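Colleague: I should like to learn how to read a structural model feature by feature. Could we proceed by question and reply?

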Protein chains: 2
Amino acid sequence: MGIKVMKPEENVLKLEQQLCFAVYSAAHAFNRAYKPLLDSLGLTYPQYIVMMVLWERNGQTVKEIGAKLDLDSGTLSPLLKRLEKLGMITRTRDENDERQVVVSLTEQGKATRRLALDKIAPAIGHLVGCGVDDMNEMRDRVIKLKTALDGAVNHD
Amino acid sequence: MGIKVMKPEENVLKLEQQLCFAVYSAAHAFNRAYKPLLDSLGLTYPQYIVMMVLWERNGQTVKEIGAKLDLDSGTLSPLLKRLEKLGMITRTRDENDERQVVVSLTEQGKATRRLALDKIAPAIGHLVGCGVDDMNEMRDRVIKLKTALDGAVNHD
DNA sequence: CATAATTAAATTGTGCGCAATAGGATTTTG
DNA sequence: CAAAATCCTATTGCGCACAATTTAATTATG
């Protein structure tokens, strides 16, 4: 009954060991947990985070929204068209620079913020199943992880 | 200069505050970081985790794979067909229960495990930008989060 | 044992995510 | 100021995710 010696290879490819899979899996779990709440607003999660960006500051270009969410026009263009069709936003070419499209909230889009405050926000703490401090600490750690990953992609 | 009193509402919908967005964002960052590594194996990330499941135990049904990855047949059926076309796996109906499809690694699929060990595994630690202990602790926390979210979905 | 209920996988339809490309508008440069 | 380079958005194509439905096989029930 000596010390257990194990080839590191044996564990490296195990699914449960992987931080990456844990994050991948948690992201999907979040989506599933949010879905019934967001259904009541008629929004998907990606649409919802675009709305959050606009609730923070109304009237932003596709580029600005994309920078905050790490999404490109290939994702945002069709998504914004769907938000427009839902009556949540308007899209207008910038007068001074016609390359840019400015995205603005409609009255309905602004009003939806209150629905989010009432229906979504209170449910989150309950979903996550831990205190606010734990949640905040974890969030900061995950953000640090994301930052490290972004750096690794660009500087190698 | 009294104590700063703030409506809780003001912060609740801020993007940077959200654990959910942090996780969503980190998952995409992981994907982007993995992509160049996985390209050398000719696999996408979801295909890669299916391969990991099969490397742990060869010959599993679609159902079993789906249970481990939280994916349904709507996702797995076409993904597995692509893995089959790549020559990584075979799909055969179970003789005893013809409803089930057993997924097995080909020789190429088995050989790809070594490529993963050589090319993917060593790069991960570097990507994440922190020590093994930190990484493991974080993984366990994220798994706990996922478990809490899963529970919240089913028991309300 | 026939019928109903359940199960496994595949299919259909919608919405991301992202690479690659294209079409205009603006800016830079020679 | 004309040509080249850059910038912003939209489009195309592919591969997930997932809800909803379908098909076929198996099991449970009257």
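The dialogue below takes up the sheets, the core, the chain contact, the DNA surfaces and one loop residue.

Modeller: Please keep in mind throughout that this is a predicted model.

Colleague: Let us begin with the sheet of chain A. In which order do its three strands lie?

Modeller: One reads a sheet by its strand order and by the sense of each pairing. In chain A the order is 1-3-2, the sheet is open, and the pairing is antiparallel. Strand 1 (60–61) and strand 2 (89–93) of chain A are the edge strands; each has a single partner strand, so one side of each lacks a neighbour in the sheet.

Colleague: How many bridges join strand 2 and strand 3 of chain A?

Modeller: Five bridges join strand 2 of chain A to strand 3 (residues 101–105) of chain A, in the antiparallel sense. As one point in the register, Ile89(A) stands opposite Leu105(A) of strand 3.

Colleague: Which helix lies across these strands, and at what angle to strand 2 of chain A?

Modeller: Helix 5 (residues 73–85) of chain A lies across both strand 2 and strand 3 of chain A, and it runs at about 120° to strand 2.

Colleague: What pairings are found for strand 3 of chain B?

Modeller: Strand 3 (residues 101–105) of chain B pairs with strand 1 (residues 60–61) of chain B over two bridges, in the antiparallel sense. Here Gln60(B) has Val103(B) as its bridge partner. Strand 3 of chain B also runs antiparallel to strand 2 (residues 89–93) of chain B, with five bridges between them. Within that pairing, Thr92(B) stands opposite Val102(B).

Colleague: Next, the core. Which residues of the largest nonpolar core touch the most other members?

Modeller: A core may be read through its best-connected members. The largest nonpolar core holds 65 residues, and those touching the most other members are Val23(A), Ala26(A), Phe30(A), Val23(B), Ala26(B) and Phe30(B). Apart from neighbours within four places in sequence, Phe30(A) is in contact with Cys20(B), Val23(B), Tyr24(B) and Leu149(B).

Colleague: How should the size of an interface be described?

Modeller: Interface size is often expressed as the accessible area lost when the parts come together. Residue counts offer another description: here 48 residues of chain A and 48 residues of chain B take part in the contact. On the side of chain B that touches chain A, helix 2 gives the most, with 15 residues. By class, that side has 33 nonpolar, four polar and 11 charged residues.

Colleague: Which residues come nearest to each DNA strand?

Modeller: Each DNA strand is taken in turn. Around DNA strand D there are 27 residues, of which Thr61(A), Lys63(A), Ser73(A), Gly74(A) and Gly74(B) come nearest. Elements giving two or more residues to this surface include helix 4 (62–69) of chain A and helix 3 (45–56) of chain B. Its classes are five nonpolar, 11 polar and 11 charged residues.

Around DNA strand C there are 28 residues, and Gly74(A), Thr61(B), Lys63(B), Ser73(B) and Gly74(B) come nearest. Among the elements giving two or more residues there are helix 3 (45–56) of chain A and helix 4 (62–69) of chain B. This surface has six nonpolar, 11 polar and 11 charged residues.

Colleague: Finally, is Lys14(B) buried or exposed?

Modeller: Burial is judged by counting neighbours. Lys14(B) counts as exposed because it has 12 C-beta neighbours inside 10 Å, the cut-off for exposure being 12 or fewer. Lys14(B) sits in the loop between helix 1 and helix 2 of chain B. From C-alpha to C-alpha, Lys14(B) is 28 Å from Cys130(B), and the two are 116 residues apart in sequence.

Methods:
Residues are numbered from 1 along each chain as its sequence is written. Chains are lettered from A and ligands numbered from 1 in the order in which they are written. This is a predicted model: local features need pLDDT of at least 70, side-chain atom pairs count only at pLDDT 80 or more; totals for chains, interfaces and linings use all residues. Two strands pair if DSSP finds at least two bridges between them. Helices (H or I, at least four residues) and strands (E, at least two) are DSSP runs, numbered from the N terminus. Two residues are in contact if their C-beta atoms, placed from the backbone, lie within 7 Å. Axes are lines fitted to C-alpha atoms, for helices over the stretch in contact, and angles run from 0 to 180 degrees between N-to-C directions. A nonpolar core is a set of buried Ala, Val, Leu, Ile, Met, Phe, Trp, Tyr and Cys residues joined through C-beta atoms within 7 Å. A residue is buried if 20 or more other C-beta atoms lie within 10 Å of its own, exposed if 12 or fewer, and partly exposed in between; C-beta atoms are placed from the backbone. A residue is near a molecule or strand if its C-beta atom, placed from the backbone, lies within 6 Å of it. Ala, Val, Leu, Ile, Met, Phe, Trp, Tyr, Cys and Pro count as nonpolar, Asp, Glu, Lys and Arg as charged, and the others, Gly among them, as polar.
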